[in-house]
Amino acid sequence: MIYGGAQDVTLFFGPDLAPVSSWHPVSPLVGLICGLVVLASAGLNLVWGWRLRTAEGAEEQRLARLVALVSGVGAVADLVSGYYGFGSLLALLTGLWLMRKHSRITG
């Protein structure tokens, strides 16, 4: 996700700087905004993922919900800027799996 966010940001400074070109034309400002969103999502997911290692019960459920929400926003931002956002999609699926896992245990 960090690499993808950095790649999105490079669209602002010069589309020719991006190691992989976008699959559709996007304005530099959109690339910058989406890149910053993806970078923020990656940073939050790193912090929350670290906290999820020791979280249990309601705290795990809350963190999993936050990871899923932020990862979904990051995936959409990556798609808007012309990339697929596989890292964000995997984090989204992991967050959803953790939410489902917790609901099966308590339900």
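**Exercise 1. How are the contacts spread along the chain?**

Task: Find what share of the contacts in the protein with a separation of 6 or more comes from residues 24 or more positions apart.

Solution: Residues 24 or more positions apart supply 68% of these contacts. A contact here is a pair with heavy atoms within 4.5 Å. Before going on, keep in mind that this is a predicted model, where local features need pLDDT of at least 70, side-chain atom pairs count only at pLDDT 80 or more, and totals for chains, interfaces and linings use all residues. Residues are numbered from 1 along each chain as its sequence is written, and side-chain values use heavy atoms, leaving out hydrogens and water.

**Exercise 2. What is the overall build?**

Task: Say how many helices and strands the protein has, and what its C-alpha trace spans along the principal axes.

Solution: Start with the elements. There are four helices and zero strands, giving the order α-α-α-α from the N terminus on. Helices (H or I, at least four residues) and strands (E, at least two) are DSSP runs, numbered from the N terminus. Next, the span: the C-alpha trace covers about 50 × 20 × 20 Å. Last, of the 107 residues, 39% are buried. Buried means under 20% relative accessible area, exposed over 50%, and partly exposed in between (1.4 Å probe, protein chains only).

**Exercise 3. Where is the nonpolar patch?**

Task: Work out which helices supply the nonpolar patch on the surface.

Solution: First, list the members: Phe-12, Phe-13, Leu-17, Leu-29, Ile-33, Val-37, Leu-69 and Val-73, with about 780 Å² of accessible area together. Areas come from the Shrake-Rupley method with a 1.4 Å probe, and for residues only the protein chains shown count as cover. A patch takes residues with over 30% relative accessible area and no salt bridge; nonpolar side chains (Val, Leu, Ile, Met, Phe, Trp, Tyr) are joined within 5 Å, like charges within 9 Å.

Now place them. Helix 1 (2-13), helix 2 (28-52) and helix 3 (58-80) each give at least two residues, and the largest share, three residues, belongs to helix 2. Pick Leu-69 as a check: it sits in helix 3 and counts as exposed because its relative accessibility is 55%.

**Exercise 4. Which charges pair up?**

Task: Trace the network of salt bridges that links Arg-51, Glu-59 and Arg-62.

Solution: Get the rule straight: a salt bridge is a side-chain nitrogen of Lys or Arg within 4 Å of a carboxyl oxygen of Asp or Glu. By that rule you get two salt bridges. One joins Arg-51 and Glu-59, at 2.9 Å from N to O. In the other, Arg-62 meets Glu-59, with the closest N and O atoms 3.1 Å apart. Arg-62 and Glu-59 are three residues apart in helix 3, so about one helical turn separates them.

How exposed are they? Arg-51 is partly exposed at 37%, Glu-59 is partly exposed at 31%, and Arg-62 is partly exposed at 34%.

**Exercise 5. What surrounds Asp-78?**

Task: Find which residues Asp-78 touches, not counting residues up to four places away in sequence.

Solution: Begin with its place, helix 3. Asp-78 is buried yet has no salt bridge, and the nearest side chain of opposite charge, Arg-51, is 23 Å away. (Lys and Arg count as positive, Asp and Glu as negative; His and the chain ends are not counted.) Then read off the neighbours: Asp-78 touches Gly-4, Asp-8, Val-38, Tyr-83 and Gly-85.
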